[in-house]
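I opened this one cold and kept notes as I went. Here is what I looked up, in the order I got to it.

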Amino acid sequence: MPVHRYPTAGETYDALATHIVAAGRSAIAARGAFHFALAGGATPKPAYELLATAPYTSQLDWRAVHVYFGDERCVPPTHMASNYRMVQTALLAHVPIPNLQIHRMQCEHEPQTAAQHYHRILQALAPRPGQPPALDFVLLGMGADGHIASLFPGSTLLAERTQLAAATYAEGTQ
């Protein structure tokens with residue numbers, strides 16, 4: 001995949017939103033649905049806010065979009081640190097995605113139980129048993145400490161090969 005550089009943050013977010021819409025339209029045309037895994041944290045929020053405005057809101061059939069979360073903090077969905085809360089405020093409250101198509105890790109429950117439940121949700125997207133979920137678009141970000149999707153440097157989870165979701169804890173992460 002080519003690397004793209006843009007002179008401003010605004011142009012970067014606009015290009016990202018345009019790319020997400022194009023991928024969504026393509027997936028919906030091909031398979032009738034767009035399965036989109038979102039990144040958390042502060043970095044993607046401006047892109048989500050753009051997607052929630054014209055012209056992006058009219059360029060995608062949001063009723064055919066399924067959203068998933070690539071990372072989440074084990075806090076209630078209304079907590080200030082919740083990635084779900086950020087996405088809900090920035091995007092989901094502004095587009096007509098059916099609630100049943102918003103797939104989140106239910107972190108208001110016991111973390112291991114929530115991770116097991118989310119593993120089953122993701123496992124259902126695998127084309128065949130033992131294969132990874134078939135997602136159309138996975139947006140990843142990187143924290144200041146180098147973590148991606150709640151996989152932190154030095155974590156034993158980096159060696160995990162079967163679980164699709166796990167409860168992680170890392171103090172002081174962004």
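**Entry 1: the core**

I started with the largest nonpolar core, which has 40 residues; F34, Y48, L91 and L92 are the members that touch the most others. Next I asked which elements supply at least two residues each to this core. They are helix 1 (9-31), strand 1 (34-38), helix 2 (45-51), strand 2 (65-69), helix 4 (83-90) and helix 5 (111-123). Helix 1 gives the largest share, five residues. A reminder to myself: this is a predicted model.

I then picked F34 and listed what it is in contact with, skipping neighbours within four places in sequence. The list includes I20, A23, G24, A27 and I28, and helix 1 covers residues 9-31. F34 also contacts L60, A64, V65, H66, D136 and F137.

**Entry 2: helix 1**

Does the length of helix 1 come out short, long or as expected? With 23 residues at 1.5 Å each, helix 1 should span 33 Å, and its end C-alpha atoms sit 32 Å apart, so the two agree.

I wrote down the buried residues of helix 1: Y13, A15, A17, I20, V21, G24, A27 and I28. Some of the spacing in that list made me recall a general point: an α-helix has 3.6 residues a turn, so residues three or four places apart point the same way. What do the buried residues of helix 1 pack against? I found strand 1, helix 2, helix 3 (56-59) and strand 3. Just past the end of helix 1, G32 has a positive phi, about 85 degrees.

**Entry 3: salt bridges**

How many salt bridges does a search of the whole structure find? It finds four, and I looked into some of them.

D136 and R31 bring their side chains together in a salt bridge, at 2.2 Å from N to O. D136 is in the loop between helix 5 and strand 3, while R31 is in helix 1, so this pair ties together parts 105 residues apart in sequence. I checked how covered each partner is. D136 counts as partly exposed because its relative accessibility is 25%; R31 counts as exposed because its value is 56%. D136 was already in my notes as a contact of F34.

K45 pairs with E49, and their closest N and O atoms are 4.0 Å apart. Both are in helix 2, four residues apart, so about one helical turn separates them. K45 is partly exposed at 34% relative accessible area, and E49 is partly exposed too, at 37%.

D61 and R63 make another salt bridge through their side chains, 3.1 Å from N to O. Is each partner buried, partly exposed or exposed? D61 is partly exposed, with 32% relative accessible area, whereas R63 is exposed, with 56%.

**Entry 4: a cis bond, and Q59**

I looked at the peptide bond between A54 and P55 and found it is cis, with omega about 10 degrees. P55 is in the loop between helix 2 and helix 3.

From there I went on to Q59, which lies in helix 3. Q59 counts as partly exposed because its relative accessibility is 29%. Which residues does Q59 contact, leaving aside neighbours within four places in sequence? The answer is V21 and R25. V21 is one of the buried residues of helix 1, and helix 3 is among the elements that the buried residues of helix 1 pack against. I also took a distance: the C-alpha atoms of Q59 and A22 are 8.7 Å apart, though 37 residues separate them along the chain.

**Entry 5: a nonpolar patch on the surface**

Last stop was the outside. V138, L140, M142 and I148 make a nonpolar surface patch of about 380 Å².

V138 belongs to strand 3 (residues 137-138) and counts as partly exposed because its relative accessibility is 45%. L140 is in the segment after strand 3. Why does L140 count as exposed? Its relative accessibility is 52%, and the cut-off for exposed is over 50%.

L140 touches A39, I148 and A149, not counting residues up to four places away in sequence. I148 is one of the patch members. As a final distance, I noted 19 Å between the C-alpha atoms of L140 and A115, which are 25 residues apart along the chain.

Conventions
Residues are numbered from 1 along each chain as its sequence is written. This is a predicted model: local features need pLDDT of at least 70, side-chain atom pairs count only at pLDDT 80 or more; totals for chains, interfaces and linings use all residues. Side-chain values use heavy atoms; hydrogens and water are left out. Patches are made of residues with over 30% relative accessible area and no salt bridge: like charges are joined within 9 Å, nonpolar side chains (Val, Leu, Ile, Met, Phe, Trp, Tyr) within 5 Å. Accessible areas come from the Shrake-Rupley method with a 1.4 Å probe; for residues, only the protein chains shown count as cover. Buried means under 20% relative accessible area, exposed over 50%, partly exposed in between (1.4 Å probe, protein chains only). A nonpolar core is a set of buried Ala, Val, Leu, Ile, Met, Phe, Trp, Tyr and Cys residues joined through side-chain atoms within 4.5 Å. Contact means heavy atoms within 4.5 Å. The expected span of a helix is 1.5 Å times one less than its number of residues.
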